[in-house]
Amino acid sequence: MIDLTTPLLAIDVGRGTQDILVYEPGRSIENSIKLVLPSPNVVVAAKIRQATRAGCPVFLDGFLMGGGANSGAIREHLSRGLPVYATPEAAGTIHDDLERVRALGVEIRAAPPGDAVTIHTTDYMEPELRRALSLFGVGYPENVAIAVQDHGYSPHRSNRIHRFELMRERLDAGDWDLLSLATDPPLADMTRMRAVRHQAPGALVTDTGPVALIGALCDPVVRHLAATGVTLVNAGNGHTLCFTLKGREIYGLFEHHTGALDPAKLQRYIRRLADGTLTSEEVFDDGGHGAAVRKSLATGAVVVTGPNRLRLLPEAYQAAPFGDMMLSGCFGLMHLWKEFREG
């Protein structure tokens with residue numbers, strides 16, 4: 001049981017959904033207010049497509065946020081011969097190198113032309129969430145914890161390589177402890193996390209992949225397996241992150257794009273991670289981020305969470321902390337809040 005002393009709004013921002021938990025002390029987690037809503041990048045992409053259908057120019061104004069659906073919508077808008085304008089901060093959503101953004105056809109400027117539709121870019125939809133909760137008489141907690149996936153600032157080299165190098169550095173600095181992948185406040189290089197922290201100055205802001213696996217350990221079966229060694233998999237909509245773990249020590253991990261995986265390939269990666277032979281080059285050359293192995297871990301116990309769990313690992317134990325798999329990341333954020341802010 002995670003028992004915090006103060007209310008907390010936990011938001012896990014993924015590629016397809018943003019998963020939200022409103023925690024109130026004294027109220028069971030099972031009866032807490034929960035929402036699974038479209039991810040901010042999906043919301044922004046829908047607004048861009050609406051402008052495309054209307055034949056209107058678009059002005060992106062706001063903060064650096066996660067890409068994905070919105071970047072695809074921007075490219076489609078440009079391919080129709082329709083203008084896209086953006087502030088420097090919002091343009092960072094498309095690429096860290098603003099010259100590459102300009103080369104796509106995006107004009108970077110401080111203010112919109114008169115005929116453009118202004119679209120706000122953000123990973124933290126605070127006004128919308130406040131209004132949604134207020135409609136049901138639910139107060140907005142003062143304390144906020146938010147998870148996003150950040151590749152780090154990497155304008156001139158692969159952000160896949162850069163992200164994994166940062167993960168490896170944090171593992172080495174933290175003696176490969178599970179919580180070493182979560183930092184509070186975010187590293188200076190984590191521009192997406194920093195953008196969220198700018199909007200919510202007191203928030204705990206960290207990475208989506210680790211928090212889902214930390215949250216999965218709230219499942220008592222998973223916690224029991226981890227004592228002797230377990231493979232933990234978060235099969236998200238955008239990325240799949242896998243740890244071999246004993247206690248709180250990470251023995252190895254890899255991160256790949258979920259869309260590039262099928263059950264057979266994922267099982268092969270899991271076996272090679274466990275026996276210590278998986279290389280970062282192998283994962284990167286297959287289109288993923290990379291791998292880092294400290295030592296092998298002989299275990300047949302495999303646990304999976306995340307929205308793609310049944311597609312990729314139907315035979316594995318399906319972790320459901322507090323009976324709700326979609327909120328694994330929120331439970332991980334709660335655990336980190338207790339460790340970092342109340343510990």
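Is Lys265 buried or exposed? In this predicted model, Lys265 is buried, at a relative accessible area of 16%. The legends below cover five close-up views.

**View A. Salt bridge between Asp286 and Lys265.** The closest N and O atoms of the two residues are 3.1 Å apart. The pair links distant parts of the chain, 21 residues apart: Lys265 belongs to helix 10 (residues 263–274), while Asp286 sits in the loop between helix 11 (280–285) and strand 13. Lys265 is buried because its relative accessible area of 16% falls under the 20% cut-off. Asp286, at 29% relative accessibility, counts as partly exposed.

**View B. Salt bridge between Lys295 and Glu249.** The side chains of these residues meet at 3.0 Å, N to O. Glu249 is in strand 12 (residues 249–257) and Lys295 is in the loop between strand 13 (290–293) and strand 14 (302–305), so the pair ties together parts 46 residues apart in sequence. Both partners are partly exposed: Lys295 has 37% relative accessibility, and Glu249 has a relative accessible area of 22%. Through shared salt-bridge partners, Glu249 and Lys295 are joined with Asp175 and Arg294 into one network.

**View C. Salt bridge between Arg80 and Glu76.** The N to O distance between the two side chains is 2.7 Å. Arg80 counts as exposed, with 54% relative accessibility, whereas Glu76 counts as partly exposed, with 36%. A search of the whole structure finds 20 salt bridges, among them this pair.

**View D. Surroundings of Thr93 in the loop between helix 3 and helix 4.** Helix 3 spans 88–91 and helix 4 spans 98–104. Thr93 is buried, with a relative accessible area of 10%. A polar atom of the Thr93 side chain lies 2.9 Å from the backbone nitrogen of Met65. Neighbours within four places in sequence left aside, Thr93 is in contact with Phe63, Leu64, Met65, Gly66, Gly67, Asn70 and Ser71.

**View E. Helix 8 and the cap at its N-terminal end.** Helix 8 covers residues 208–216, and 9 of its 9 residues are buried, so the helix is largely enclosed by the rest of the structure. The buried residues are Thr208, Gly209, Pro210, Val211, Ala212, Leu213, Ile214, Gly215 and Ala216. Asp207 caps the N-terminal end of the helix, with a side-chain oxygen 3.1 Å from the backbone nitrogen of Gly209.

Key:
Residues numbered from 1 in each chain as written. Predicted model: local features only at pLDDT ≥ 70, side-chain atom pairs only at ≥ 80, totals over all residues. Heavy atoms only, no water. Buried < 20%, exposed > 50% of the residue type's maximum accessible area, 1.4 Å probe, protein only. Helix = DSSP H or I, 4+ residues; strand = E, 2+ residues; numbered from the N terminus. Polar contact = N/O pair within 3.5 Å; in protein donor to acceptor, adjacent residues only side chain to side chain. Contact = heavy atoms within 4.5 Å. Salt bridge = Lys/Arg side-chain N within 4 Å of Asp/Glu carboxyl O.
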